[in-house]
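User: Please take a close look at one part of this model, the packing between its helices, and place that part in the context of the whole chain.

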Amino acid sequence: MTGTTPAPFTAADYRARMDRAVRSAADAGLAGLLVAPGPDLVWLTGYTPTAITERLTVLVLAPGRDPVLVVPTLEAPDAEQAPGAPALTLRDWTDGTDPYAVTAGLLDDRGRFGISDNTWAMHLLGLQRTLPGTSYAALTDALPMLRAVKDKAELDLLAAAAAAADQAFEEIRKLPFAGRRESDVGRDLAGLLRRFGHEQVDFTIVGSGPNGANPHHEVGDREIRPGDMVVLDFGGLKDGYGSDTTRTVHVGEPTEEERRVHDVVRAAQEAGYQAVRPGAACQDVDRAARAVITDAGYGPYFIHRTGHGIGVTTHEPPYMIEGEEQPLVPGMCFSVEPGIYLPGRFGVRIEDIVTVTEDGGRRLNNTTREMVTVD
């Protein structure tokens with residue numbers, strides 16, 4: 001595949017993100033943030049340890065202080081090469097010393113801190129033991145929108161990832177389905193995602209016939225047959241940003257009922273997309289899509305939320321679900337993916353990644369949402 005290589009994020013970009021995170025923490029009444037290896041650390045610093053081990057690595061962000069990344073001495077050379085490293089101070093610790101004591105010296109001993117969700121329990125307990133006056137809140141609870149609003153460079157990367165996933169769909173629909181196993185088609189999908197620029201494939205769901213009624217079936221050894229509905233849901237990371245799209249195809253000509261169910265889901269997906277606009281609540285997107293399916297008599301068979309955020313991971317806040325009153329803001333990106341799942345028979349799901357614009361929404365996935373037949 002040919003294309004323009006995106007410009008890498010700079011130390012200034014990462015510094016701006018860390019500054020924004022500190023301001024958000026202060027607004028939330030937190031004394032600072034503690035960020036362990038994972039998507040938050042990647043987004044804030046560009047650093048991913050070669051191997052995530054029992055040794056403590058943590059980014060400490062606090063108002064009025066420069067960012068500090070606490071790392072094991074043996075991993076410090078790798079950390080120094082991270083694109084965000086010039087925007088922070090490295091504080092290393094050696095085996096045989098106490099990393100929690102090193103970290104404690106950077107913290108308010110009575111403070112309440114946001115801590116990344118994927119922090120190992122042993123590290124959180126170690127900090128609590130060293131600073132018993134501190135308390136902690138998971139970042140998903142304390143700052144759920146930390147990474148939710150994307151800048152132009154991030155939106156461009158998400159659009160490119162979506163376009164690559166669209167190319168994978170256009171190619172997979174040309175291949176034979178009947179007589180092949182779900183796992184064969186899943187392997188083809190993974191290969192196509194990589195061919196079109198993905199460095200990481202997170203999932204390739206191929207749910208044929210009754211397996212399509214399980215939203216997270218992934219793949220199995222079932223042989224796909226003529227007359228099957230097949231749910232294809234796939235995505236991963238391209239240049240560090242996620243793709244995620246779903247189309248439901250049919251092997252041969254569908255029945256009238258299958259067409260009707262597909263049409264209902266397509267209308268629901270369109271209704272969810274049309275509900276996207278600044279100031280609307282996340283739950284409004286869910287309500288709009290769900291109302292179409294409920295009015296058509298299939299309400300009990302739409303068994304999951306309508307969408308999830310996407311960025312440096314394929315699933316992150318915000319979530320399009322009843323009860324989520326977070327207002328939509330330009331730059332947010334998330335899926336709109338209603339479905340109907342008829343147990344023991346078949347399922348249908350249609351999914352696009354959508355970004356909020358100044359006056360509505362914009363789809364990042366642009367393959368047809370009409371019924372597609374395959375061989």
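Analyst: The account below begins with the whole chain and then turns to two helix pairs.

This is a predicted model, in which local features need pLDDT of at least 70 and side-chain atom pairs count only at pLDDT 80 or more, while totals for chains, interfaces and linings use all residues. Residues are numbered from 1 along each chain as its sequence is written, and side-chain values use heavy atoms, with hydrogens and water left out.

The protein has ten helices and 18 strands; helices (H or I, at least four residues) and strands (E, at least two) are DSSP runs, numbered from the N terminus. Its radius of gyration is 23 Å, close to the 21 Å that the globule rule gives for 375 residues, so the protein is as compact as a globular protein of that length. That radius is taken over C-alpha atoms, and the globule rule is 2.2 Å times the number of residues to the power 0.38. The C-alpha trace spans about 70 × 40 × 40 Å along its principal axes.

UniProt, in an unreviewed entry, assigns "domain: Peptidase M24" to residues 158–358; such annotations may be inferred rather than shown by experiment. That span is 31% helix and 26% strand, and its end C-alpha atoms lie 18 Å apart.

In the pair formed by helix α9 (residues 256–274) and helix α10 (residues 282–295), the axes are 7 Å apart and the packing angle is about 155°. Axes here are lines fitted to C-alpha atoms, for helices over the stretch in contact, and angles run from 0 to 180 degrees between N-to-C directions. The angle makes α9 roughly antiparallel to α10 (over 145 degrees; under 35 is roughly parallel, 65 to 115 roughly perpendicular and the rest oblique). On the α9 side, V264, A267, A268, A271 and G272 meet V285, A288, A289, V292 and I293 of α10, contact meaning heavy atoms within 4.5 Å. These residues divide into nine nonpolar, one polar and no charged; Ala, Val, Leu, Ile, Met, Phe, Trp, Tyr, Cys and Pro count as nonpolar, Asp, Glu, Lys and Arg as charged, and the others, Gly among them, as polar.

For helix α7 (residues 152–172) and helix α8 (residues 182–195), the axes come within 9 Å and cross at roughly 135°. That makes α7 oblique to α8. The contact involves A165, A168, E171 and I172 of α7, together with V185, D188, L189, L192, L193 and R195 of α8. By class, this contact has seven nonpolar, no polar and three charged residues.
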